[in-house]
Amino acid sequence: MSGRLPHRVDFTLLPHLQVLIEQRSVSRAAERLGIGQPAMSRILARLRDQFDDPLLVRGPRGMMPTPRAEALSGPLRAWLEAGESLLRDPSLDLGRMKRVFRLASTDFGLLSVLTPAIARVAQEATGVELDVEPLSDTSLRRLEDGRLDLVLTGWNPEGAGLKSRWLFRETHLGLARRDHPICQTTPTHAELLRWPHVVPSAGDGFGDWVSDDLPDMAERRVLARAESFALVPYLLQASEAVALLPRRAAERFAAVYGLGVFPAPQEIQPFDYHLVWHERSDGDMGTRWLVEALSAVFETDPARA
């Protein structure tokens with residue numbers, strides 16, 4: 001054999017050939033496939049022409065496969081089964097899945113979304129690795145380009161082919177040393193301006209959301225700009241500085257580091273937090289599982305109402 005495809009190959013005829021070989025009868029093959037016998041005879045003629053071989057010949061006990069047909073039977077069955085498995089809705093075996101999911105997030109996303117879900121991920125899929133890169137203003141574009149699988153963001157997910165799951169609505173809270181005078185009050189804007197501030201980054205390419213909502217806060221003295229939310233409590237412990245943070249981060253840092261909280265100005269707008277993926281992954285069972293695992297903890301969140 002030369003290894004070349006037969007002339008005028010028509011792959012749609014191959015399932016019919018497999019049934020013909022199995023049934024060894026044009027009439028029985030036609031009945032099996034739900035078509036008329038004349039149509040089945042025409043298909044056999046086309047197959048003979050395609051393979052340049054009679055494939056089935058009359059014998060003393062009906063139709064008999066030629067040596068070429070016998071040789072085709074096993075590989076043809078395997079090829080058809082492989083094709084069927086490609087088209088069948090795949091089952092997900094979490095215990096055997098070996099996969100790296102690429103995510104973009106701030107450490108606020110890790111704290112508020114990944115931390116509550118990480119035990120489930122580790123228990124259900126031991127072969128899964130989460131590769132997290134810092135959120136930036138290019139993250140959604142990287143998602144569209146296929147360089148990321150998921151993005152956690154507090155900005156509205158806008159872009160071609162993007163899918164998203166709303167997780168929660170977040171408000172804000174002030175954070176400072178527990179013995180800081182500001183923790184005993186509901187501070188006015190003027191009182192907030194009395195103290196230096198630690199300002200965390202919400203991701204590369206994003207601005208100062210506090211100043212966006214409170215223009216007078218643009219005049220506040222910034223003692224330090226932190227590359228991540230996680231650095232803020234260390235800087236507050238050792239200074240008179242204050243910080244205005246998303247509520248989940250402020251409450252977690254207060255509990256872990258022994259800090260105090262105070263009400264944030266009501267003018268700071270709440271924001272919605274989203275889990276975003278691309279439509280190309282919408283039918284991927286691994287991605288769907290991870291989306292459900294990361295969002296499950298928020299399904300019973302009263303804020304969803």
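Visitor: What makes L114 the place of a kink in helix α5?

Guide: The bend at a residue is the angle between axes fitted to the seven residues ending there and the seven starting there. At L114 in α5 (residues 107-124) this angle is about 55°, and the proline P116 follows shortly after. α5 is called a helix because it is a DSSP run of H or I with at least four residues; strands are runs of E with at least two, and both are numbered from the N terminus. The model is predicted: local features need pLDDT of at least 70 and side-chain atom pairs pLDDT 80 or more, while totals for chains, interfaces and linings use all residues. Residues are numbered from 1 along each chain as its sequence is written, and side-chain values use heavy atoms, without hydrogens and water.

Visitor: Which residues of α5 are called buried, and why?

Guide: F108, G109, L111, S112, V113, L114, A117 and V121 are, because each has under 20% relative accessible area (over 50% is exposed, in between is partly exposed; 1.4 Å probe, protein chains only).

Visitor: What makes T106 and F108 a polar contact at the start of α5?

Guide: A side-chain oxygen of T106 comes within 3.2 Å of the backbone nitrogen of F108. A polar contact is a pair of N or O atoms within 3.5 Å; within protein, one must be able to donate a hydrogen and the other to accept it, and residues adjacent in sequence count only if both atoms are side-chain atoms. The pair therefore meets the distance limit.

Visitor: How do you know that strand β7 pairs with β10 and β11?

Guide: Two strands pair if DSSP finds at least two bridges between them. β7 (residues 172-177) has 4 antiparallel bridges to β10 (residues 243-246) and 5 to β11 (residues 259-263), also antiparallel, so both meet the definition. H172 stands opposite P246 in β10, and R177 opposite L259 in β11.

Visitor: Why are β4 and β6 called edge strands?

Guide: The open sheet of 5 strands has the order β4-β3-β5-β12-β6, with mixed pairing. β4 (128-134) and β6 (162-170) each pair on one side only. Within this sheet, β3 (residues 99-105) and β5 (residues 150-153) run parallel and are joined by 2 bridges, with L103 and L150 as bridge partners.

Visitor: What does L130 touch beyond its sequence neighbours?

Guide: L130, in strand β4, is in contact (heavy atoms within 4.5 Å) with F101, L103, L114, I118, V121 and L290, not counting residues up to four places away in sequence. L130 and L114 are 16 residues apart in sequence and 9.8 Å apart in space, C-alpha to C-alpha.
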